[in-house]
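Reader: I should like a close look at the salt bridges of this structure. Which residues are linked in a network of salt bridges, and where do they lie?

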Amino acid sequence: MLGTASLRKSFADSERAVGLNAAKYLISTVVGTLAWAALMSPVLAADLPVKAPPAAAPTWSGFYAGVSIGARWGDNDWQTSDIAPTFGAGAIVPTGGTGGAIDSVAARFGGYLGYNAQISTSWVAGVEADVGWADNKKTTNPVPGTAGLFFGVPFVGLPSGTVKETWDGSFRGRLGYLVAPDTLVYGSGGVAWHRLELNASCTVVPGNSFCFGSAHNETFASTKAGWTLGGGVEHMIGHWLARVDYRYADFGTSTQTFFAAGGVGIGFDDRFTARVKDRTHTATVGLAYRF
């Protein structure tokens with residue numbers, strides 16, 4: 001019996017020693033692992049990919065200058081009145097109406113300069129000046145409103161009329177909304193100018209000639225002021241601004257009496273009055289550099 005008790009005690013002491021040794025081993029393993037992780041974490045962190053911070057939204061503020069190319073449409077309504085007023089009312093009866101359109105279209109080349117101020121994350125305000133040139137010119141024969149009867153006899157040798165527009169310019173305010181950080185939809189409006197030339201000419205021909213006294217060829221040129229409204233889309237690519245732009249301009253009505261000089265006398269009167277309503281439509285694409 002004593003041998004058996006001693007044997008049991010020996011086994012118990014052995015199991016206790018094994019358990020203690022296992023616990024010590026486990027503790028030392030955990031501590032070593034934690035120490036290794038602490039030492040290696042900076043190295044491992046250096047090898048991990050780092051997520052770049054989000055890019056800052058581009059700013060639209062600043063000056064810019066650019067060039068443009070496109071087309072300009074001349075939208076002109078020519079009305080004729082007071083033909084040969086010396087002869088009094090009823091002497092001349094229009095047979096083709098009193099007026100009509102003298103429209104034209106031409107390529108336009110221009111340049112522009114402006115300043116933008118980004119007033120919020122979504123809105124941009126600014127001012128812009130531009131100048132352009134196009135050779136809008138249209139001649140019609142006869143002048144709208146000159147076809148008719150003179151004391152019951154049809155006119156012959158009717159005059160031709162020309163409307164010509166060359167350079168134009170404007171100074172406008174702009175207000176735009178950012179549909180994306182680099183894309184602006186804008187409207188613009190302000191004052192506009194352009195060069196307008198009105199021409200009429202006729203020769204004396206046998207019969208009931210429109211020009212009773214002498215041949216005429218007259219041009220009247222002036223710089224017209226008006227108003228303009230438009231809009232477009234502009235996209236930023238680095239320091240470059242690409243755009244598509246449209247503008248409407250109204251320059252009012254020009255009134256001019258033709259053939260007064262040398263055209264009034266006993267038995268003849270070559271005068272007539274033209275009233276030309278002058279409007280333009282301009283569509284361009286442009287590229288500007290933002291400073």
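Author: The answer below takes the network as a whole and then three of its pairs in turn. The model is predicted. A search of the whole structure finds 13 salt bridges. A network of such bridges links R72, R108, E128, D130, D168, R172, R174, E234, R243, D245 and R247.

One pair in this group is D168 with R108, whose closest N and O atoms are 2.9 Å apart. D168 belongs to strand 8 (residues 160-180) and R108 to strand 4 (residues 104-118), so their contact ties together parts that are 60 residues apart in sequence. Both partners are buried: the relative accessible area is 7% for D168 and 3% for R108.

A second pair joins R243 to E128, with an N to O distance of 2.7 Å. Because R243 lies in strand 11 (residues 240-258) and E128 in strand 5 (residues 123-140), this salt bridge ties together parts that are 115 residues apart in sequence. R243 is buried at 7% relative accessibility, and E128 is buried at 1%.

Strand 5 also holds D130. The side chain of D130 meets that of R172 in a salt bridge of 3.6 Å, N to O. R172 is in strand 8, and the pair links distant parts of the chain, 42 residues apart. Here too the partners are buried, D130 with a relative accessibility of 10% and R172 with a relative accessible area of 1%.

In general, side chains of opposite charge can pair when their charged atoms come close.

How values were computed
Residues are numbered from 1 along each chain as its sequence is written. This is a predicted model: local features need pLDDT of at least 70, side-chain atom pairs count only at pLDDT 80 or more; totals for chains, interfaces and linings use all residues. Side-chain values use heavy atoms; hydrogens and water are left out. A salt bridge is a side-chain nitrogen of Lys or Arg within 4 Å of a carboxyl oxygen of Asp or Glu. Helices (H or I, at least four residues) and strands (E, at least two) are DSSP runs, numbered from the N terminus. Buried means under 20% relative accessible area, exposed over 50%, partly exposed in between (1.4 Å probe, protein chains only).
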